[in-house]
Amino acid sequence: MTSDRRSVTGDAQPAAGGSAGSDHRVTALALAVLLVVGGGMGLLNLALDGVVREGTVRWTYGLTMATLLVAALVLAVRRRVDRWSTFGLVLLGEVIYAVVALCIEDPVRHATPMMLLFVALTAAWFLDGWMFAVSLAVTPVSVLVAMAGSYPDRVDLAVQVVVHAGMLDVVATGVFLLRRRVQRLLVATEELSQRDPLTGLANRRHLVEQAPRLWRHARREGLRVAALVIDLDHFKQVNDVHGHAAGDAVLRAVADALGHSVRPSDVLARLGGEEMVVLGLVGDPGEAGRLAERLRHAVSAARTDAGHAVTASIGVALTRPADGDDAAAELWWLVDRADAAMYAAKQGGRDRVGWPAPPRPRPAPRDERVDPPTVPGPALPSDAG
């Protein structure tokens with residue numbers, strides 16, 4: 001790679017990477033800390049008289065608290081938590097609460113159902129679908145088992161279970177719905193940040209984020225990355241003669257036509273104004289040329305409801321990615337080459353496909369002496385032995 005390729009980076013920002021893994025680590029460590037706090041506070045009850053029942057029950061209680069600490073250790077070592085492990089922790093929390101309540105002398109005072117609040121909130125924030133539904137169904141069972149010994153009267157027991165378990169499930173459901181709402185807003189915000197609002201095409205940010213994926217795929221499959229820069233011909237005249245609303249309609253019609261013409265694996269984005277780019281993988285220049293011609297015909301065939309149409313000049317450039325490439329920098333170097341080819345297509349008459357000019361050899365400096373070509377001379381006689 002030459003230095004001029006590295007210098008053309010545009011205003012692209014590097015795609016964020018590793019954020020999902022970081023979120024997993026933070027979540028796992030946070031859950032581990034909470035488990036340590038819960039297990040540590042639970043062990044303190046063993047030092048208080050009249051809290052934990054005597055006999056083998058104390059060993060059961062101690063082992064239950066130790067289970068929390070072991071679970072915390074596993075999370076701290078793995079530093080990763082998925083929905084299945086979270087689901088297991090939620091069910092473990094329900095079981096541990098029931099066991100703790102059975103080991104306590106007075107569950108009403110020292111093991112109230114509010115101990116399940118953390119479990120309920122964890123389920124609401126991290127679980128989805130049937131897993132969350134299971135956690136809601138298990139909560140009344142845990143409360144029933146925990147409080148059965150404190151309320152001999154079945155009516156009183158039923159009232160306590162409905163009140164406590166119902167409150168926990170209502171709070172969990174509210175947090176669950178709030179979390180889903182926040183997720184939808186985040187998805188919508190992310191979509192807006194990666195889409196052009198006028199055409200619905202991807203924008204520059206999305207293009208940069210997709211570059212590493214395309215570069216990895218190209219290296220793995222031995223393919224080339226092709227950039228096709230598409231610029232609409234005489235678009236300014238459409239705005240000047242028919243108005244900007246007509247120009248916007250043309251852009252939307254062209255974007256729709258291009259969207260139906262690119263391949264599923266291609267990335268179609270709007271760079272700005274009337275300029276768009278297609279980034280894709282090809283096996284050879286012929287495949288890139290056929291794609292460019294298909295896109296050129298798609299643009300010329302596009303029509304607005306008012307019958308307005310345009311043509312496009314398309315520039316094509318290819319590169320073969322290598323290990324160690326900075327995908328973002330290489331992307332803008334490739335787009336710049338395709339952009340230059342597009343301007344060459346415009347100078348050649350518009351409504352055509354252009355290719356980068358072959359590199360010219362560097363001329364020798366005037367004061368540099370150029371040696372004449374070597375002329376074969378007569379063969380030298382060999383030494384006689």
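On a 1 Å grid over the protein atoms alone, a pocket is an open set of points where a 1.4 Å probe fits, with protein on both sides within 12 Å along at least five of seven lines, and its lining residues have an atom within 4 Å of a point. By this definition the largest pocket holds about 670 Å³ of space, the volume being the space filled by probe spheres set on points that are joined across faces, edges and corners. The model is predicted, so local features need pLDDT of at least 70 and side-chain atom pairs count only at pLDDT 80 or more, while totals for chains, interfaces and linings use all residues. Residues are numbered from 1 along each chain as its sequence is written, and side-chain values use heavy atoms, with hydrogens and water left out.

**Largest pocket**
- Lining the largest pocket are 26 residues, of which L34, G38, L68, M115 and F118 are the closest to its centre.
- Two or more lining residues come from each of α2 (19-44), α3 (56-78), α4 (83-103) and α6, and α2 gives the most, with 8 residues.

**Overall fold**
- The protein has 13 helices and 5 strands, taken as DSSP runs (helices H or I, at least four residues; strands E, at least two) and numbered from the N terminus.
- Of its 385 residues, 39% count as buried, where buried means under 20% relative accessible area, exposed over 50% and partly exposed in between (1.4 Å probe, protein chains only).
- Among contacts (heavy atoms within 4.5 Å) between residues at least 6 apart in sequence, 75% join residues at least 24 apart.

**Surface**
- About 21800 Å² of the protein is exposed, with carbon and sulfur atoms supplying 60% of that area, as computed by the Shrake-Rupley method with a 1.4 Å probe.
- M114, L117, L121, M167 and V171 make a nonpolar surface patch of about 360 Å²; such patches join nonpolar side chains (Val, Leu, Ile, Met, Phe, Trp, Tyr) within 5 Å, from residues with over 30% relative accessible area and no salt bridge, that is, no side-chain nitrogen of Lys or Arg within 4 Å of a carboxyl oxygen of Asp or Glu.
- Helices α6 (117-126) and α8 (154-193) each supply at least two residues of this patch.
- L121, found in helix α6, counts as partly exposed because its relative accessibility is 33%.

**Surroundings of A255**
- A255 lies in helix α11 (residues 244-259) and counts as buried because its relative accessibility is 4%.
- Leaving aside neighbours within four places in sequence, A255 is in contact with T199, L201 and L268.
- From C-alpha to C-alpha, A255 and A298 are 9.8 Å apart in space, with their positions 43 residues apart in sequence counted as separation.

Technical notes. Patch = residues over 30% accessible without salt bridge, like charges linked within 9 Å, V, L, I, M, F, W, Y side chains within 5 Å.
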